[in-house]
Amino acid sequence: MFGIGAVMYLKKRKYEQALDNYLKSLFVGSACLKDNHPFLGKTYQGMATAYAGMGRSNKALTYIEKAFGILREVYGEDSIELADCYHTLGNAYRCEGRYEEALQSHTKALQIKT
């Protein structure tokens, strides 16, 4: 339930509200799901997206790494879910001015999606 609200806030670029909803989702999900459940991976990815949107790239990188760990284990290296993580990683790098790494991440996301 909170995840749906978080996505809606992200689309509206209301990152604080999105993050609040993701944190609630993480709290509930962590209490009843295994540590490697894909829901938690997508929640971490959403948190990374929110942090990147807020310009807090260091936090975004922390959470995208958690998302990578879970989603890579569950779906494999060439999954759409991982492509979304590469896109988020690219945005975090762009926020830090690390344009070459951002380009590499976005290129990897595009290669997976095509």
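Mentor: Buried means that a residue has under 20% relative accessible area; exposed means over 50%, and partly exposed lies in between (1.4 Å probe, protein chains only). This is a predicted model, in which local features need pLDDT of at least 70 and side-chain atom pairs count only at pLDDT 80 or more, while totals for chains, interfaces and linings use all residues. Residues are numbered from 1 along each chain as its sequence is written, and side-chain values use heavy atoms, with hydrogens and water left out.

Trainee: What makes serine 105 buried?

Mentor: Its relative accessible area is 6%. That is under 20%, so serine 105 counts as buried. Serine 105 lies in helix α6, residues 99-113. Helices here are DSSP runs of H or I with at least four residues, strands are runs of E with at least two, and both are numbered from the N terminus.

Trainee: Which residues is serine 105 in contact with, leaving aside its neighbours within four places in sequence?

Mentor: They are Tyr86, Leu89, Gly90 and Tyr93. Contact means heavy atoms within 4.5 Å.

Trainee: Is lysine 12 buried or exposed, and how do you know?

Mentor: Lysine 12 has a relative accessible area of 56%. The value is over 50%, so lysine 12 is exposed. It sits in the loop between α1 (2-11) and α2. From its C-alpha atom to that of tyrosine 63 the separation is 21 Å, with their places 51 residues apart along the chain.

Trainee: What is lysine 59 called, at 30% relative accessibility?

Mentor: The value is neither under 20% nor over 50%, so lysine 59 counts as partly exposed. Lysine 59 is part of helix α4. Its C-alpha atom is 8.7 Å from that of methionine 47, and the two residues are 12 apart in sequence.

Trainee: How many aromatic pairs does a search of the whole structure find?

Mentor: The search finds 3. One of them is made by tyrosine 44 and tyrosine 63, with 6.0 Å centre to centre and 25° between the planes.

Trainee: Why is this pair called stacked?

Mentor: Rings of Phe, Tyr and Trp (its six-membered ring) pair if their centres lie within 6.5 Å; planes under 30 degrees apart count as stacked, over 60 as edge-to-face and the rest as tilted. The centres, at 6.0 Å, meet the limit and 25° is under 30, so the pair is stacked. The pair links distant parts of the chain: tyrosine 44 is in helix α3 (residues 38-53) and tyrosine 63 in helix α4 (residues 57-75), 19 residues apart. Both tyrosine 44 and tyrosine 63 are buried.

Trainee: What makes the pair of phenylalanine 68 and tyrosine 86 edge-to-face?

Mentor: Their centres are 4.9 Å apart, and the planes stand at 70°. That angle is over 60, so the pair is edge-to-face. This pair too links distant parts of the chain, with phenylalanine 68 in helix α4 and tyrosine 86 in helix α5 (residues 80-95), 18 residues apart. Both phenylalanine 68 and tyrosine 86 are buried.

Trainee: Which residues do ring pairs link into a cluster?

Mentor: Tyr44, Tyr51 and Tyr63.

Trainee: How do you know that α4 is roughly antiparallel to α5?

Mentor: The axes of α4 and α5 come within 9 Å and cross at roughly 165°. Axes are lines fitted to C-alpha atoms, for helices over the stretch in contact, and angles run from 0 to 180 degrees between N-to-C directions. Angles under 35 degrees count as roughly parallel, over 145 as roughly antiparallel, 65 to 115 as roughly perpendicular and the rest as oblique. The angle of α4 and α5 is over 145, so they are roughly antiparallel.

Trainee: What about α3 and α5: roughly parallel or roughly antiparallel?

Mentor: Their axes come within 9 Å and cross at roughly 25°. That is under 35 degrees, so α3 and α5 are roughly parallel to each other.

Trainee: Which residues of α3 and α5 meet?

Mentor: Lys42, Gln45, Ala48, Thr49 and Ala52 in α3 meet Glu81, Asp84, Cys85, Thr88, Ala92 and Cys95 in α5. By class, this contact has 5 nonpolar, 3 polar and 3 charged residues. Ala, Val, Leu, Ile, Met, Phe, Trp, Tyr, Cys and Pro count as nonpolar, Asp, Glu, Lys and Arg as charged, and the others, Gly among them, as polar.
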